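Q: I'm new to reading protein models, and I'd like a close look at one small part of this one. Please take me through it step by step, explaining the terms as you go.

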Amino acid sequence: MSEQDFEWDEAKNLENQQKHGVTFYEAQHAFLDTNRVIAEDLGHSQAEKRYYCFGLNEQGSGILTVRFTYRSGRIRIFGAGYWRKGKKIYEQNNSI
């Protein structure tokens with residue numbers, strides 16, 4: 001995966017950084033984790049399917065939860081942060 005595989009709205013990125021302390025640039029690293037977990041966001045009612053990626057951050061010191069969709073062959077990030085529920089799902093799927 002490369003940076004060209006990702007996209008996001010820059011205003012949403014700044015909002016996410018202020019609210020959750022994570023940039024969407026940093027969030028890309030969760031997708032590089034070979035043990036990442038991808039799950040469909042079943043609570044999202046829009047026509048476009050949404051997903052979660054649970055994976056390690058760049059330093060390998062935390063589990064990021066990234067909300068995204070696939071759009072025109074790219075991964076469009078909508079939100080990211082460190083949430084206990086995401087960490088729990090990651091650990092359960094990786095038997096940590």
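What is the relative accessible area of Tyr52, and does that make the residue buried, partly exposed or exposed?

A: Tyr52 has a relative accessible area of 24%, so this residue is partly exposed. The word has fixed limits: under 20% is buried, over 50% is exposed, and partly exposed is in between, using a 1.4 Å probe and protein chains only. Before we go on, note that this is a predicted model, in which local features need pLDDT of at least 70 and side-chain atom pairs count only at pLDDT 80 or more, while totals for chains, interfaces and linings use all residues. Residues are numbered from 1 along each chain as its sequence is written, and side-chain values use heavy atoms, with hydrogens and water left out.

Now look at the ring of Tyr52. Its centre is 5.9 Å from that of Phe54, and because the two planes are at 15°, the pair is stacked. Here is the rule: rings of Phe, Tyr and Trp (its six-membered ring) pair if their centres lie within 6.5 Å, and planes under 30 degrees apart count as stacked, over 60 as edge-to-face and the rest as tilted. Counted this way, there are seven aromatic pairs. The partner, Phe54, is buried, at 4% relative accessibility. Elsewhere, Phe6, Phe31, Tyr51, Phe68 and Tyr70 make up one aromatic cluster.

Two of those cluster members, Phe31 and Phe68, turn up again in the largest nonpolar core. A nonpolar core is a set of buried Ala, Val, Leu, Ile, Met, Phe, Trp, Tyr and Cys residues joined through side-chain atoms within 4.5 Å. This one has 14 residues, and those touching the most other members also include Cys53, Val66 and Ile77. Helix H2 (24-27), strand E3 (51-56), strand E4 (63-71) and strand E5 each give two or more residues to the core. These names come from DSSP runs numbered from the N terminus: helices (H or I) have at least four residues, and strands (E) at least two. In soluble globular proteins, nonpolar side chains tend to be buried together.

Next, the charged residues. Arg50 lies over the face of Phe78, 3.8 Å from the ring centre. For that label, NZ of Lys or CZ of Arg must be within 6 Å of the ring centre and within 35 degrees of the ring normal. Arg50 is buried, with a relative accessible area of 16%. Arg50 also forms a salt bridge with Glu48, their closest N and O atoms being 3.7 Å apart. A salt bridge is a side-chain nitrogen of Lys or Arg within 4 Å of a carboxyl oxygen of Asp or Glu, and the count by this rule is seven. Glu48 itself is partly exposed, at 25%. Side chains of opposite charge can pair when their charged atoms come close.

Lys49 has a salt bridge too, with Glu40 (4.0 Å, N to O). Both ends are partly exposed: Lys49 has a relative accessible area of 48%, and Glu40 is at 37%.

For a buried pair, turn to Arg76 and Glu7. Their salt bridge has its closest N and O atoms 3.4 Å apart. It links distant parts of the chain, since Arg76 is in strand E5 and Glu7 in strand E1 (residues 6-7), 69 residues apart. Arg74 joins these two in a network of salt bridges.
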